[in-house]
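Visitor: Please take a close look at one part of this model, the salt bridges, and set them in the context of the rest of the chain.

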Amino acid sequence: MNTTELKGDWEQQKGKLKQKFAALTDNDLLFVKGKKEEMLGKLQIKLGKTKEELFKIIGKL
């Protein structure tokens, strides 16, 4: 999954992630150009998932 794919429907994906993982906040899911890795790192820590697991979860939304 590249940045364009992640950015495309991010608002919809963000809402679905917040429904699936109640512990996530808007700040956790803040997508800023050039900071994709930082955001993914925060999600990895908060959810206890690997980057690959996160991409699978996001891909299935």
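**Salt bridges in the chain**

Guide: Lys 35, Glu 38 and Lys 42 are joined in a network of salt bridges. The model is a predicted one, and the count of salt bridges in it comes to 6. Side chains of opposite charge can pair when their charged atoms come close.

Within the network, the side chains of Lys 35 and Glu 38 meet at 3.9 Å, N to O. The cut-off for a salt bridge is 4 Å between a side-chain nitrogen of Lys or Arg and a carboxyl oxygen of Asp or Glu, so a pair at that distance counts. Lys 35 is partly exposed, at 43% relative accessibility. Glu 38 is also partly exposed, with a relative accessible area of 42%.

Another salt bridge is formed by Asp 28 and Lys 46, at 2.8 Å from N to O. This pair links distant parts of the chain: Asp 28 sits in the loop between H2 and helix H3 (36-47), Lys 46 sits in helix H3, and 18 residues separate them. Asp 28 has 12% relative accessibility and therefore counts as buried. Lys 46, with a relative accessible area of 39%, is partly exposed.

A further salt bridge pairs Lys 14 with Glu 11, with 3.5 Å between the closest N and O atoms. Both residues belong to helix H2 (residues 10-20) and are 3 residues apart, about one turn of the helix. Lys 14 counts as buried because its relative accessibility is 15%, whereas Glu 11 is exposed, with a relative accessible area of 60%.

As for the surrounding fold, the chain has 4 helices and 0 strands, and its elements run α-α-α-α from the N terminus on. Of its 61 residues, 30% are buried. Among the contacts with a separation of 6 or more, 41% are between residues 24 or more positions apart. The chain exposes about 4200 Å², and carbon and sulfur atoms supply 50% of that area.

Helix H4 (residues 51-59) shows how burial is arranged along one element. Its buried residues are Leu 54, Ile 57 and Ile 58. These residues lie on the same side of H4, because they cover an arc of only 95° around the axis. Glu 52, Lys 56 and Gly 59 are exposed on the other side of H4.

Terms used
Residues are numbered from 1 along each chain as its sequence is written. This is a predicted model: local features need pLDDT of at least 70, side-chain atom pairs count only at pLDDT 80 or more; totals for chains, interfaces and linings use all residues. Side-chain values use heavy atoms; hydrogens and water are left out. Helices (H or I, at least four residues) and strands (E, at least two) are DSSP runs, numbered from the N terminus. Buried means under 20% relative accessible area, exposed over 50%, partly exposed in between (1.4 Å probe, protein chains only). Contact means heavy atoms within 4.5 Å. Accessible areas come from the Shrake-Rupley method with a 1.4 Å probe; for residues, only the protein chains shown count as cover. The arc is that of the directions from the helix axis to the C-beta atoms.
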